[in-house]
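Please look over the fold below. A short report follows, taking the chain as a whole and then its side-chain pairs.

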Amino acid sequence: MGRMVVSLRKWLSALLFMLLFIGLTVLVFGGYHWLMDEVLFTNPYETPQGQALKVFQADPPSPDGASIPDRLRWFYWLGE
């Protein structure tokens, strides 16, 4: 009968490769997260600090006093 030969050197090199691969993966993953924490803001939807002004008006009044359906008709008819 044939005997199975197990090479210790082959097993150790495979183990070293796996440990190196896992270690570099963790290093790159952690570095990426650290970089994103440094580059990106903590919360993009947070209220701004300092001299912030609200410059958006939800429903601006029409300059000519027309209703919304009339304005839509003029928009679709004239394109302006």
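In which helix is Phe21 found? Phe21 is found in helix 1. The model is a predicted one, and the report starts from that helix.

**The chain**

The chain has two helices and zero strands. Buried residues account for 1% of its 80 residues. The exposed surface comes to about 8800 Å². Carbon and sulfur atoms supply 68% of that area.

**Helix 1**

Helix 1 covers residues 8-39. With 32 residues, helix 1 reaches 46 Å from its first C-alpha to its last. That is close to the expected 46 Å, at 1.5 Å a residue. How many of the 32 residues of helix 1 are buried? The count is zero, and helix 1 is hardly covered.

Phe21 has an aromatic partner in Phe17. The two rings are stacked, with centres 6.3 Å apart and planes at 20°. The angle counts as stacked because the cut-off is under 30 degrees. The count of aromatic pairs is one. Both residues lie in helix 1, four residues apart, which is about one turn of the helix. Are Phe17 and Phe21 buried or exposed? Phe17 is exposed, and Phe21 is too.

Phe17 and Phe21 also belong to a nonpolar patch on the surface. Met18, Ile22 and Val26 complete the patch. Together these five residues have about 530 Å² of accessible area.

**Helix 2**

Helix 2 spans residues 68-78 and holds Arg73. Which residue forms a salt bridge with Arg73? The partner is Asp70, and the closest N and O atoms are 2.7 Å apart. The structure holds one salt bridge. The side chains of Arg73 and Asp70 also make a polar contact, at 2.7 Å. Both residues lie in helix 2, three residues apart, about one turn of the helix.

The two partners fall into separate exposure classes. Arg73 is exposed because its relative accessible area is 55%, and exposed means over 50%. Asp70 has a relative accessible area of 32%, so Asp70 is partly exposed.

**The two pairs side by side**

| Pair | Helix and spacing | Distance |
|---|---|---|
| Phe17 and Phe21, aromatic pair | helix 1, four residues apart | 6.3 Å, centre to centre |
| Arg73 and Asp70, salt bridge | helix 2, three residues apart | 2.7 Å, closest N and O atoms |

**In brief**

Helix 1 carries the stacked pair of Phe17 and Phe21. Helix 2 carries the salt bridge of Arg73 with Asp70. Across the 80 residues of the chain, 1% are buried.

Methods. Residues are numbered from 1 along each chain as its sequence is written. This is a predicted model: local features need pLDDT of at least 70, side-chain atom pairs count only at pLDDT 80 or more; totals for chains, interfaces and linings use all residues. Side-chain values use heavy atoms; hydrogens and water are left out. Rings of Phe, Tyr and Trp (its six-membered ring) pair if their centres lie within 6.5 Å; planes under 30 degrees apart count as stacked, over 60 as edge-to-face and the rest as tilted. Buried means under 20% relative accessible area, exposed over 50%, partly exposed in between (1.4 Å probe, protein chains only). Accessible areas come from the Shrake-Rupley method with a 1.4 Å probe; for residues, only the protein chains shown count as cover. Patches are made of residues with over 30% relative accessible area and no salt bridge: like charges are joined within 9 Å, nonpolar side chains (Val, Leu, Ile, Met, Phe, Trp, Tyr) within 5 Å. A salt bridge is a side-chain nitrogen of Lys or Arg within 4 Å of a carboxyl oxygen of Asp or Glu. The expected span of a helix is 1.5 Å times one less than its number of residues. A polar contact is a pair of N or O atoms within 3.5 Å; within protein, one must be able to donate a hydrogen and the other to accept it, and residues adjacent in sequence count only if both atoms are side-chain atoms.
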